[in-house]
Amino acid sequence: ATRRPPSPFPEPRLRPRQLAMEHYREVAARTAEKMQGYREDLSGWRSCKRTNEISISWKPSTEFHGNIYKAEGIVPAKPEAVFECIKPEAGGLREKWDKNVKELLIVEIIDKNICVVRTITPSALMKIISPRDFLDVVITKREEDGTILSAATNVEHPQCPPEPGYVRGRNYPCGCFCIPVPGDPSKTELLSFFQSDLSGNLPHSIVDSFFASSIAEFYSNLTKAVKTLVA
C-alpha cells in the first residue's frame with residue numbers, strides 16, 4: 001500500500017501544558033458564571049446569623065452534600081481597598097488578618113486574572129477541625145460599574161498533590177463581590193458565597209457551627225483590616 005504524503009498544513013495540536021492552561025481558564029470562567037447566578041438567585045435562602053455588620057444565610061448546595069452560605073455586609077472602604085485585603089497573594093494582606101488562612105501559595109499563574117492557589121488553614125474549634133489545605137483556580141473579574149469579583153473552585157495540579165499533615169478539603173464555586181455603594185464611594189457592599197467540603201467525616205453540626213461563626217469573624221476582621229492595613 002502506498003503511503004499518503006504528509007499534509008503541508010498539519011492540524012495544530014495543543015501541547016499538554018497548553019491543554020492544562022486552557023482547562024483552568026474554562027473552569028475559572030464557569031465558576032465566575034456560577035457566582036453571577038448565585039448573586040441573582042434570591043429564593044430559598046434561610047437566615048442563620050445576623051449582626052450589626054453582616055447578614056448570613058444558607059441553603060442546600062447543588063454541588064455537594066453540604067450547604068452554600070451567603071453573607072452580605074457593608075465594609076467602610078473603597079472596593080479596590082477591600083479587594084487588596086482579600087485577593088489571593090503569597091505573603092499578602094490576607095495572611096495578616098484572616099484567621100482561617102495560615103498561608104497562601106501561588107502554584108501557577110495562568111494569566112493576569114487567573115491563577116492556581118493553595119490555601120493552608122489552621123486547626124479550628126479547639127482542634128476538633130484539624131489543619132486543611134485547599135487547591136483552587138481563582139479568577140478576578142472587574143465590571144464596568146466598578147464591581148470586583150474574586151471567584152474560586154477546586155482543581156487538581158501535578159505540582160500540588162495532597163500532603164501528609166493536612167486534610168485536603170474542596171471548595172466549590174465560591175468567592176466575593178466587592179460592589180460600590182451608590183452615592184458613597186468610601187464604602188463597599190461585600191457579597192460573599194462560601195461553599196466548602198472540609199472532608200474528614202466531620203459531623204454536620206460541627207461544620208454548620210464553624211461556618212456561621214467563621215464567616216462573621218471574616219467580616220469583622222476584614223472591617224478592621226481595611227482601616228489598618230490599607231493606606
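1. In strand S5 (residues 114-121), Ile114 is the bridge partner of Asp111. Strand S4 (residues 103-111) and S5 run antiparallel and are joined by seven bridges; two strands are said to pair if DSSP finds at least two bridges between them. The connection from S4 to S5 is a hairpin of two residues. The strands and helices named in this note are DSSP runs, numbered from the N terminus: helices are H or I runs of at least four residues, and strands are E runs of at least two.

2. A remark on the basis of the note is in order. The model is predicted, so that local features need pLDDT of at least 70 and side-chain atom pairs count only at pLDDT 80 or more, while totals for chains, interfaces and linings use all residues. Residues are numbered from 1 along each chain as its sequence is written, and side-chain values use heavy atoms, with hydrogens and water left out.

3. Strand S3 (67-75) has two pairings to consider. Seven bridges join it to strand S2 (54-60) in an antiparallel arrangement, with Lys59 bridged to Ile68 in S3, and a hairpin of six residues leads from S2 to S3. S3 also pairs with strand S11 (184-194) in the antiparallel sense, again over seven bridges, and here Tyr69 stands opposite Phe194 of S11. Is S3 enclosed by the rest of the structure or not? Seven of its nine residues are buried, so S3 is largely enclosed. Buried means under 20% relative accessible area, exposed means over 50%, and partly exposed lies in between (1.4 Å probe, protein chains only).

4. The loop between S2 and S3 contains Ser61, which is buried at a relative accessible area of 12%. Its side chain makes a polar contact of 2.5 Å with the side chain of Gln195 and reaches the backbone nitrogen of Glu63 at 2.8 Å. A polar contact is a pair of N or O atoms within 3.5 Å; within protein, one must be able to donate a hydrogen and the other to accept it, and residues adjacent in sequence count only if both atoms are side-chain atoms. Neighbours within four places in sequence aside, Ser61 is in contact (heavy atoms within 4.5 Å) with Gly66, Asn67, Ile68 and Gln195.

5. Gln195 also appears among the contacts of Asn171, together with Phe134, Asp136, Thr153, Asn154 and Ser196, when residues up to four places away in sequence are not counted. Asn171 belongs to strand S9 (residues 170-171) and is buried, with a relative accessible area of 12%. The side chains of Asn171 and Ser196 are joined by a polar contact of 2.5 Å.

6. Which residues have the most contacts inside the largest nonpolar core? They are Leu190, Ile215, Phe218 and Leu222, in a core of 34 residues. A nonpolar core is a set of buried Ala, Val, Leu, Ile, Met, Phe, Trp, Tyr and Cys residues joined through side-chain atoms within 4.5 Å. S2, S3, helix H2 (79-86), strand S10 (174-181), S11 and helix H4 (204-228) each supply at least two of its residues, and the largest share, 10 residues, comes from H4. Apart from this core lies another, of 24 residues, including Ile68, Leu135, Leu149 and Cys160.

7. Helix H2 deserves separate mention. Six of its eight residues are buried, so H2 is largely enclosed by the rest of the structure. The buried residues are Pro79, Ala81, Val82, Phe83, Cys85 and Ile86.

8. Trp97, in helix H3 (residues 94-97), counts as buried at 7% relative accessibility. Its side chain reaches the backbone oxygen of Cys85 at 2.8 Å. Beyond four places in sequence, the residues in contact with Trp97 include Ile86, Phe218 and Leu222. Trp97 and Lys224 are 127 residues apart in sequence, yet 8.5 Å apart in space, C-alpha to C-alpha.

9. How many cavities of 30 Å³ or more are there? The count comes to one, with a volume of about 730 Å³. A cavity is a set of points, on a 1 Å grid over the protein atoms alone, where a 1.4 Å probe fits but cannot get out; lining residues have an atom within 4 Å of a point. Grid points are joined across faces, edges and corners, and the volume is the space filled by probe spheres set on the points. Of the 36 lining residues, Arg94, Asp98, Val101, Asn171 and Phe194 lie nearest the centre. H4 gives the most to the lining, with five residues.

Terms used. On a 1 Å grid over the protein atoms alone, a cavity is a set of points where a 1.4 Å probe fits but cannot get out, and a pocket is an open set with protein on both sides within 12 Å along at least five of seven lines; lining residues have an atom within 4 Å of a point.
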